[in-house]
Amino acid sequence: MTWISLLPGGLMACWLTLPGFQDPRPEVEAVREVGADHVVVITVDGLRSDAILFAGPENLPALHRLMSGPSTLNARTDPELTVTLPNHLALVTGRLAGGEGGHAWRGNETPKDGETLAQTAGEPVPSMFQQAHRHGIHTAVLAGKSKLRLLPQSWPELAEYQESKIPAELTTRLLEIWQQHASSLSLIHFRAADDAGHDHGWTLAKDSPYLQAVAAVDQELQRILQTLDDDSKLGSRVVLILTADHGGGGPWKHHRRSDLWVNYVIPFLVWQPGLAEADLYALNAHSRLNPGLSAPRPGESPLPPIRNADAANLALDLLGLPPLSGSTVNFEQDLQLLPQAVPSPPKDKLKACSDPVQSEGQSF
Ligand SMILES: [Zn+2]
């Protein structure tokens, strides 16, 4: 895989036609792209974003380190559903549950044996695992909850599914996958924070059961980061995407209410050694809008927020693969992880450039 690439020739030619536009690049300039042989989507079940800030780097060193790449703590769940299964389906299919092109799965119970997403959706719904498998990349789901068995049931191409309530077992397997396969796409799911929230509440008090559980997950993340630190060659080939299926909070021991910010505000952190710290909304002002404290549905804001469902097509993009057919979130694979290498030309000029009829032989 080539991680260094030049701008597409067509775009470059178009730029050079713009009057008075000085190409700011040095003569032999390459634009670095982020890429990887191994991509891991990490879901921390029930992780509310403000828990990371409240507990601080001394208690959650790994999560704070993961915030040192392109990241936001103001990402969004599915706008209608703040429960586990629909959000996990969103982040492997690049679709929200509702609306046109939605994956349509709204339940949160453990699926019956043999039950599939296609049965509910009424048609096959592609997942990032199918896409990766088709291109010879090893695929794995390492799950903390049995309800995630809907994934291997829905996509039999998924090469590997392991389920354990012991998070260290899942982490160990992830680290083995990196050694055993030249390339991989894995989803690893940690359940402890959600368990603590349901048992004791999503309490942000010092040493609360919830924060202790988040700290236990942080230790697993620390193992992952340590492995990458110890093997810099491997580290340069891995990208981690960490997000959550929902948060939790208030006086309740559940997270079902999708109208409460404590449930729909989640982190979205991307990390690779050497990838610069940046606010994902600032990097993506052209295509994403920070929603403040709101949770816009599609069409309710000029631009969508960053969602956990961005993960599917981002992961494929990082592996050099095209987006999922029929997906509606990050289908353009335009979620940027680096500052734009070259400033954008004026929008009307860009539009003209993108129109092959107008731009052919055109002098602006
Ligand atoms: Zn959950």
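A residue is termed exposed here if 12 or fewer other C-beta atoms lie within 10 Å of its own, and buried if 20 or more do. The structure to which this criterion is applied is a predicted model. On the face of helix 8 turned away from its buried side, the exposed residues are Ala168, Glu176, Gln179 and Gln180. The buried residues of this helix are Pro167, Leu170, Thr171, Leu174, Ile177 and Trp178. These buried positions lie on the same side of helix 8, because the arc they cover around the axis is only 115 degrees. Helix 8 comprises 14 residues, 167-180, and its first and last C-alpha atoms are 20 Å apart, close to the 20 Å expected at 1.5 Å a residue.

The setting of this helix is a protein chain with 16 helices and 10 strands. Of the 364 residues in the chain, 44% are buried. Among contacts between residues at least 6 apart in sequence, 70% join residues at least 24 apart.

Confidence should be considered before the details. The average pLDDT of the protein chain is 88, and 85% of the residues score at least 70. Over residues 1-31, however, the pLDDT is below 50, although this stretch has 30 contacts in the model beyond near neighbours in sequence. Residues 346-364 also have a pLDDT below 50, and for this stretch the model has 15 contacts beyond near neighbours in sequence. Where pLDDT is low, the predicted coordinates should not be read in detail.

The strands may be taken next. An open sheet is formed by 8 strands in the order 6-5-7-3-8-9-4-10, with mixed pairing. Its edges are strand 6 (160-163) and strand 10 (278-279), each of which pairs on one side only. Strand 7, residues 184-190, can be followed through its pairing with two other strands. With strand 5 (residues 138-143), strand 7 runs parallel and is joined by 5 bridges; here His138 stands opposite Ser184. With strand 3 (residues 38-44), strand 7 pairs in the parallel sense over 7 bridges, and Val40 has Ser186 as its bridge partner. Strand 3 also pairs with strand 8 (residues 238-243), again in the parallel sense, over 6 bridges. In that pairing, Ile42 stands opposite Leu242 of strand 8.

Strand 7 is mostly covered, with 7 of its 7 residues buried. Both of its faces are covered: one side carries Ser184, Ser186, Ile188 and Phe190, the other Leu185, Leu187 and His189, and all are buried.

From the sheet, attention passes to the nonpolar interior. The largest nonpolar core has 90 residues, of which Val214, Ile241 and Ala315 touch the most other members. Helix 10 (residues 209-230) gives the most to this core, contributing 8 residues. Val214 belongs to helix 10 and is buried there. Apart from its neighbours within four places in sequence, Val214 is in contact with Leu47, Ala51, Ala55, Leu60 and Ala193.

Helix 10 can be examined in the manner of helix 8. Its 22 residues should span 32 Å at 1.5 Å a residue, and the distance of 31 Å between its end C-alpha atoms agrees with this. Its buried residues are Tyr210, Leu211, Ala213, Val214, Val217, Asp218, Glu220, Leu221, Ile224 and Leu228. They are placed on the same side of helix 10 because they cover an arc of only 165 degrees around the axis. On the other side of the helix, Gln226 and Asp230 are exposed.

Two loop residues complete the description, each with a positive phi in a residue other than glycine. Asp207 has a phi near 60 degrees and is found in the loop between helix 9 (192-200) and helix 10. This residue has 11 other C-beta atoms within 10 Å and therefore counts as exposed. Gln333 has a phi near 50 degrees and lies in the loop between helix 14 (311-318) and helix 15 (347-354). Because Gln333 has 17 C-beta neighbours inside 10 Å, it is classed as partly exposed.

Technical notes: Residues numbered from 1 in each chain as written. Predicted model: local features only at pLDDT ≥ 70, side-chain atom pairs only at ≥ 80, totals over all residues. Helix = DSSP H or I, 4+ residues; strand = E, 2+ residues; numbered from the N terminus. Expected span 1.5 Å × (residues − 1). Arc of directions from axis to C-beta. Core = buried A, V, L, I, M, F, W, Y, C linked by C-beta atoms within 7 Å. Contact = placed C-beta atoms within 7 Å. pLDDT = per-residue confidence, 0-100. Pairing = 2+ DSSP bridges.
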